[in-house]
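I opened the notebook to record what I looked up, beginning with the sheets and going on to the helices. The entries follow the order in which I went through the model.

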Amino acid sequence: MTDGASNLLEIRNLSVTYGSGASAVPAVRGVDLTIGPGQKLGVAGESGCGKSTLALALLRLLPPTAKLTGEILLDGEDVRTMKWGRLRAVRWAGASIVFQGAMHSLNAVHRIGDQIAEPVLLHRHATPAAGRSRAAELLEQVGLPAARADAYPHELSGGQRQRVMIAMALACDPRLIVADEPTTALDVMIQAQILRLIERSVAEQDIGLLMISHDLAVLSDTCDRLAVMYAGRIVEEGPARQVYDAAEHPYGRALSAAFPRVGDLASRRAPRGLPGDPPDPSALPSGCTFHPRCPVALDICAREDQTLRPAGPGRSAACVRVGSAVPAQEQPL
């Protein structure tokens, strides 16, 4: 956690529900997170755990059917209650998003230079010449020749398109970048280049980063802190390397064990996964939502929900086995 006075982003008890009444589906449930200047926070979890909904909620990019409660404080100002004009000004200039599908995010019939320049023209009221100059500067910054500004998206490789998305995200010098699976479908060499580019941009410009991925190894190598998300909630948070190497929550351990590790032949030959899938948000199980898949679940886990509790210096986990003695009468499920 960071000092509240210096936080770029502070999420307080954020919940997102799709639909209403009896058909309401909770996608994000009571999330609390903070990011300070120059800090990198990773959010990990399987598909369907609410990661992308969380990312879209930060700048109110969700559909009208979504209902948000709680607070999303960007530099102390609540995004959730911003009027449309203020929200429009904050997007790109205050915070920007790098989406996972660059080809789907870029306009196929416009040159990439024009697309990079567009937020500069809108938010900085720059002249067309200044916009083109800024686009060329940003392309060089992300490792592409300025001459590629005249290219169309289909003329670029997947890694080059992802670099264009990062250039667009940096165009108006935002205070915060949200990266939603920024290296999905890229080969490992290009993935490493993109991750180093994001890290360098954060360090040089002292901006905050929220990176979302299913890959704990990538997040532990890139981010300072790591939050593990399951069924719409944060079930563990702490220093990234510690969570990856020695997770306190059984779900965090399962995610970490699912990836082969360099130098560990046993994990490469037989990486361990987790049977089943995250629960349907419209039919969450009673008690701890992870207990139906948990290899160490107890009777109490099916009866009582678990909230985050201290799990060491700067760490927390939502598990009955963390920070307290398990009642002797409790039996494994």
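In what order do the strands of the open sheet of four strands lie, and with what pairing? I looked this up in a predicted model, and I read the order as E2-E1-E4-E5, with antiparallel pairing. At the edges I noted strand E2, residues 25–35, and strand E5, residues 77–78, each of which pairs on one side only.

I then went to the pairing of strand E1 (residues 9–18) with strand E4 (residues 66–74), where I found eight bridges in the antiparallel sense. To fix the register for myself I took Ser15 and looked for its bridge partner in E4, which is Thr69. As a reminder to myself, strands of a sheet pair through backbone hydrogen bonds, either parallel or antiparallel.

Next entry: the other sheet. I found an open sheet of eight strands in the order E6-E7-E8-E3-E9-E10-E12-E11, and its pairing is mixed. Strand E6 (95–98) and strand E11 (309–310) stand at the edges with a single partner strand each, so one side of each has no neighbour in the sheet. Within this sheet I followed strand E9 (residues 225–230) to strand E10 (residues 233–239), and I noted that the two run antiparallel and are joined by six bridges. Here I took Val228 as the residue to follow, and its bridge partner in E10 is Glu236.

Which helices pack on the strands of this sheet? I noted that H6 packs on the sheet, touching E6 and strand E7 (176–180), and that the direction of H6 makes about 175° with that of E6. Helix H10, residues 250–257, lies across E9 and E10 and runs at about 105° to E9.

Next entry: helix H4 against helix H5. H4 covers residues 112–124 and H5 covers residues 128–141, and I read a packing angle of about 125° with the axes 8 Å apart. The two helices are therefore oblique to each other, and H4 passes H5 in a right-handed crossing. On the H4 side I listed Ile112, Gly113, Ile116, Ala117, Val120, Leu121 and Arg124, which meet Pro128, Gly131, Arg132, Arg134, Ala135, Leu138 and Leu139 in H5. I sorted the residues of this contact into nine nonpolar, two polar and three charged.

I went on to H5 against helix H6 (residues 158–170), whose axes come within 9 Å and cross at roughly 125°. H5 and H6 are therefore oblique to each other, and their crossing is right-handed. In this contact Arg134, Leu138, Leu139 and Gln141 of H5 meet Val164, Ala167 and Leu170 of H6. The residues here divide into five nonpolar, one polar and one charged.

Last entry: a single residue, Val90, which lies in helix H2 (residues 84–93). Is Val90 buried or exposed? I read 5% relative accessibility for Val90, so the residue counts as buried. Leaving aside the neighbours within four places in sequence, I found Val90 in contact with Leu59, Leu74, Met82 and Ala95. I also checked Val90 against Arg124, and these two are 34 residues apart in sequence and 12 Å apart in space, taken from C-alpha to C-alpha.

Technical notes
Residues are numbered from 1 along each chain as its sequence is written. This is a predicted model: local features need pLDDT of at least 70, side-chain atom pairs count only at pLDDT 80 or more; totals for chains, interfaces and linings use all residues. Side-chain values use heavy atoms; hydrogens and water are left out. Axes are lines fitted to C-alpha atoms, for helices over the stretch in contact, and angles run from 0 to 180 degrees between N-to-C directions. Angles under 35 degrees count as roughly parallel, over 145 as roughly antiparallel, 65 to 115 as roughly perpendicular and the rest as oblique. A crossing is left-handed if the near helix is turned anticlockwise from the far one by less than a right angle, and right-handed if clockwise. Contact means heavy atoms within 4.5 Å. Ala, Val, Leu, Ile, Met, Phe, Trp, Tyr, Cys and Pro count as nonpolar, Asp, Glu, Lys and Arg as charged, and the others, Gly among them, as polar. Two strands pair if DSSP finds at least two bridges between them. Buried means under 20% relative accessible area, exposed over 50%, partly exposed in between (1.4 Å probe, protein chains only).
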